[in-house]
Amino acid sequence: MAAPCRRQGRPGAGAMNLQQELTQRLARAIAAAFPDASDAEPMVTAAQNPQFGDYQANCAMGLSKRLKSNPRAIAQSIVAALDAGDLIDEPTIAGPGFINMRLRPEFLERQAAAVGADERLGLPVAETPRTVVVDFSSPNTCKPMHIGHVRSMVIGDAICRLLRLLGHRVVADNHLGDWGTQFGLLIVGFRMFGHEVPERDDPLLRLVEIYKRAHAAAEADETVRDQARAELARLHAGDQENYRQWQQYCRWSMEHFNQIYRRMDVHFDETLGESFYNDLLPGVVDELAAAGLARPSEGAMCVFWDDDSLPPLLVRKKDGAFLYATTDLATLKYRRDRWHPDEIVYLTDARQQLHFRQIFSVAERWGVAEGMRLRHVWFGTILGPDGTPLKTRSGDLVELADVLDEAERRAVEVVREKTPDLDDAEAGEIARAVGLGAIKYADLSQNRQSDFVFDWDKMLSMQGNTAPYLQYAYARIRSIFRKGAESGCRPGETGVSVAEPAERALALKLLQWPEAVAAAGDDYRMNLICNYLYELSSVFTSFYESCPVLKSEPAQRDSRLQLCDLTSRVLKTGLDVLGIQVLERM
RNA sequence: ACGCCCGUAGCUCAGUAGGAUAGAGCGGCGGUUUCCUAAACCGCAGGUCACAGGUUCGAAUCCUGUCGGGCGUACCA
């Protein structure tokens, strides 16, 4: 299937954030009309209600107190000083002093054409590219991926994609938990039960079975616990055999993880376990002590805050062992030296907020956070219908591989029902993209800070505000181009027209893509991208219902084909940011 | 006990510069297919935004208090 021919334009030629542009125009008008209040925020937002126009400025009411004047009169003066006739009609003043603005159709038409010719779809490139390390996924080894791992993975990967789209350098860093206390028990368990637990396709699942038995044995028998402690100590002391065992477990774990990452289409630039930082830990504690941050307390080493703004942070146990916090500080310093990042982003669930406030504060006082922005991007917990963490009937966490299987199974059913004429290979491919998309979108479309109530039907839903809805909109557009190509229809040069309300609404929404990206990038809120794409698809579908494309007159057809083409490109780009595939057919 | 987060339609959730009549999906009810994919579209019903005060021209949003829920608070990660 040939892509619709695209006019070659200078990349970035159509770059414009409408909200920003109008904000700047309004700011100039305020400065001109009220020099004393030239610092006032114009407060331009997309109009709440289409009857008020496309954008509104809400600054006049706020200025009224400061200037001791009637807000409507203030709005009037701002409008009089406003130079934006190239973008909007004469603004109207409504209610207490809202400035309502409506974009001119000629502007929409010109801008839509410009964006259509722009590879970046109107999205400005970051003027100062930053280097951002994104720490996400970071599962513990020797445990299968379960449903609780999905958020960090999906949101983290999407944030990486978003930052790259904005023109930043990204280091996607998978910080494996490969140095826990479970290894002693695993080593003992392997010796006790290794010969009687059968091999499996996924060696990690065998390891988990062994661990379960070892755990039960330790519960029942004190000496097993002692052995586990001894093996762990031996591992930490550098025992060759135990080290080899440990490496084997880590390899099996990675095989399992990589299988999941491949299915999920999630990628990393760097994968280093906690074990990698082991040698650095004593030095970290020494430095903290030398800097006067850490001091002995009850036999341990601990960082205190003189003003008690934060509770004490333990960096070395009284038995000499180091902790999670120590590793995180060592990792932070290592990343600074290795990547010289402008920012490090950590994705974890909400429960680690205090931990990261402590880590960031220590890093600052220690001096290793100089010139770096440290951000804890946290998300809510995945809960079952009863409000507690999700479990299967046997009490285990739901395995991610099973969720992916179930999603595909459901998607196959829908594909078979809706599009029976597909061959098995294509149906399977569509089902994979649709099932995986549904899972990712269910997670990304929700405010990340809310707890996530897991519900098979909701998570794997293919109807309403879901990824399949967006994929379907895309597939319908591609279908138009397939059909159009048969009779030689291609989007051409005639220009875009927005005479019909549905055309106008679609063009406007398309021009707002940069706003959605900017808003999402501000605070890593991927749900804003989802909202936008859903609205775009929704506006498109209305357009699709009311505006025939291929059956319209040539000039109109050409314009509509351009709108379709642009819609499909924004959808593809947007879904790509979410890590969701588009489909030519579904 | 202290700290953080939360309480919005029957259900799941948007609403993070304080702005006009609080939105969406699902579920419910009713319509739409000689036409580019009906995984769709159009319409209707459904709300004391937990409660009580306060701030202001204006509060789901900010402040205080109460009730209810989740999580966290030095030898786990």
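**Close-up 1. K418 and a phosphate of RNA strand B.** In this predicted model, a polar atom in the K418 side chain sits 3.1 Å from a phosphate oxygen of RNA strand B. R476 also has a phosphate contact: an N or O atom of the R476 side chain is 2.4 Å from a phosphate oxygen of the strand. The elements that each put two or more residues on the surface near RNA strand B include α13 (400–418) and α16 (467–486).

**Close-up 2. Y472 and the sugar side of the backbone.** Here the partner is a sugar or linking oxygen of RNA strand B, with a polar side-chain atom of Y472 2.3 Å away. Y472 is also among the residues that come nearest to the strand, along with K317, N447, S450 and S479.

**Close-up 3. The wider surface around RNA strand B.** Pull back and there are 65 residues around the strand. Sort them by class and you get 28 nonpolar, 21 polar and 16 charged. Elements giving two or more residues to this surface include the strands β4 (98–101) and β9 (300–303), plus the helices α2 (59–67), α12 (353–366) and α19 (526–546).

**Close-up 4. The second largest cavity.** The model has 2 cavities of 30 Å³ or more, and the second largest holds about 30 Å³ of space. What lines it? I155, D443, L444, Q446, R448, Y524, M526 and N527 do. Two elements, α14 (424–444) and α19, give two or more residues to that lining. By class, the lining has 4 nonpolar, 2 polar and 2 charged residues.

Technical notes:
Residues are numbered from 1 along each chain as its sequence is written. Chains are lettered from A and ligands numbered from 1 in the order in which they are written. This is a predicted model: local features need pLDDT of at least 70, side-chain atom pairs count only at pLDDT 80 or more; totals for chains, interfaces and linings use all residues. Side-chain values use heavy atoms; hydrogens and water are left out. A residue is near a molecule or strand if one of its heavy atoms lies within 4 Å of it. A polar contact is a pair of N or O atoms within 3.5 Å; within protein, one must be able to donate a hydrogen and the other to accept it, and residues adjacent in sequence count only if both atoms are side-chain atoms. Helices (H or I, at least four residues) and strands (E, at least two) are DSSP runs, numbered from the N terminus. Ala, Val, Leu, Ile, Met, Phe, Trp, Tyr, Cys and Pro count as nonpolar, Asp, Glu, Lys and Arg as charged, and the others, Gly among them, as polar. On a 1 Å grid over the protein atoms alone, a cavity is a set of points where a 1.4 Å probe fits but cannot get out, and a pocket is an open set with protein on both sides within 12 Å along at least five of seven lines; lining residues have an atom within 4 Å of a point. Grid points are joined across faces, edges and corners, and a volume is the space filled by probe spheres set on the points.
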